[in-house]
Amino acid sequence: MSAARRKHSPCLGASQRRAPEIEGYNLLVSSSKVKQVASADFPTRWGHFLIHGFTTRASASGDGAKTEEAVALVMGEVHSGSPLVRIHSQCLTGDVFGSLRCDCRQQLEMALAMIAELGAGVLIYEQQEGRGIGLMAKLQAYALQDSGLDTVEANERLGFRADHREFLMPVEILKALDIQRVRLLSNNPDKVAALQRAGIQVTERVPCEVAPTEHTEEYLKTKQEKLGHLFSNRKGQH
Ligand SMILES: [Zn+2]
């Protein structure tokens, strides 16, 4: 069954074109197109997915735009209706080590569990540590937070925007998977807006809320107050 589904994976044929079709006026878009590198069966403790590996193409203008990598975990039928989709940015400290400084791992596990429960959905995992600033800078930001700054102030002190992500690659991955409409699992209205601007219809935003712990309370408060994240169970809290 999964093999048959893989055959219908839509993005491979188009990727074989020799010269990228350049929309002269929009290099940003043409440089963010993705290439599907591999697809494989991927059983997990949540259930059975296919895992697809993607890279960005070299910039159409030829010079060394950085290649990005991401994977998409796909379960079940995602081409009828509006599948549940989570876009997750890599967080080594949270996803792997179980850090309590953020809620990334809990959100990741919640997303996989919800997709498994529905029997269908997509999780896109971007290798984009620390909202795009990189692992070393994230650790420096942690050190600044230890001296009293919040997550946004710390990033800005290091010369980064509060949220350094552009969401270009996940959009291209969704298009490569032939997914035009999604129910987006996110607390971040900027992510909803970014997808819609890029032509992906967000039919519903599904909250991905993790109960705060004593360690994440301040972090979640900053996300809510300074990054505009929406938390239904935190309304009215300061
Ligand atoms: Zn994290």
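Which residue follows helix 7, and is its phi positive or negative? Helix 7 is followed by G148, and the phi of G148 is positive, near 120 degrees. Helix 7 itself covers residues 135-146, and its length can be checked with simple arithmetic: at 1.5 Å a residue, its 12 residues should span 16 Å, and the end C-alpha atoms are 17 Å apart, which agrees. With that as a warm-up, let's walk through the rest of the chain.

Please keep in mind that this is a predicted model, so a word on confidence comes before the details. The protein chain averages a pLDDT of 80, and 78% of the residues score at least 70. Among the elements of the chain, strand 6 has the highest mean pLDDT (97), while helix 2 (residues 11-14) has the lowest (36). Two stretches call for caution. Over residues 1-32 pLDDT stays under 50, and the model has 31 contacts beyond four places in sequence for them. Over residues 234-238 pLDDT also stays under 50, and here the model has one such contact.

Now for the overall picture. The secondary structure comes to 11 helices and seven strands. Of the 238 residues in the chain, 31% are buried. Looking at contacts with a separation of 6 or more, 61% join residues 24 or more positions apart.

The strands are a good place to start. An open sheet of seven strands has the order 1-2-3-5-4-6-7, with mixed pairing. Strand 1 and strand 7 (201-206) stand at the edges with a single partner strand each, so one side of each is left without a neighbour in the sheet. From one strand to the next, the twist averages 25 degrees.

Begin at the strand 1 edge and step inward. Strand 1 (residues 34-43) pairs with strand 2 (residues 48-56) in the antiparallel sense, over nine bridges. V34, for example, has T56 in strand 2 as its bridge partner. These two strands form a hairpin with four residues between them, and G47 in the turn has a positive phi of about 150 degrees.

The next step leads to strand 3 (residues 69-75), which pairs with strand 2 in the antiparallel sense over six bridges. Here F54 stands opposite A70, and H52 stands opposite A72. Strand 3 also pairs with strand 5 (residues 121-126), again antiparallel and over six bridges. On that side, the bridge partner of A70 is E126. A70 therefore appears in both pairings, facing F54 of strand 2 and E126 of strand 5. Six of the seven residues of strand 3 are buried, so this strand is largely enclosed by the rest of the structure.

That brings us to the core. In soluble globular proteins, nonpolar side chains tend to be buried together. In this model the largest nonpolar core has 38 residues, of which A72, V122 and I173 touch the most other members. The elements that give two or more residues to this core are strand 2, strand 3, strand 4 (84-89), helix 5 (104-118), strand 5, helix 9 and strand 6 (181-185). Strand 3 gives the most, with six residues. A72 shows how these parts come together: leaving aside neighbours within four places in sequence, A72 is in contact with H52, F54, V122, I124, I173 and L177.

Which residues of helix 9 are buried? They are M169, P170, V171, E172, I173, L174 and A176. With seven of its nine residues buried, helix 9 (residues 168-176) is largely enclosed by the rest of the structure. Just after this helix, D178 takes a positive phi of about 65 degrees.

Two more helices can be placed against the sheet. Helix 5 lies across strand 3, strand 4, strand 5 and strand 6, and runs at about 160 degrees to strand 4. Helix 10 (residues 189-197) lies across strand 4, strand 6 and strand 7, and runs at about 165 degrees to strand 7.

To trace this on the model, start at the hairpin of strand 1 and strand 2, move to strand 3, which pairs with strand 2, and look for A72 and its contacts with V122 and I173.

Definitions and conventions. Residues numbered from 1 in each chain as written. Buried ≥ 20, exposed ≤ 12 C-beta atoms within 10 Å, placed from the backbone. Contact = placed C-beta atoms within 7 Å. Pairing = 2+ DSSP bridges. Core = buried A, V, L, I, M, F, W, Y, C linked by C-beta atoms within 7 Å. Axes fitted to C-alpha atoms, helices over the stretch in contact; angles between N-to-C directions. Expected span 1.5 Å × (residues − 1). pLDDT = per-residue confidence, 0-100.
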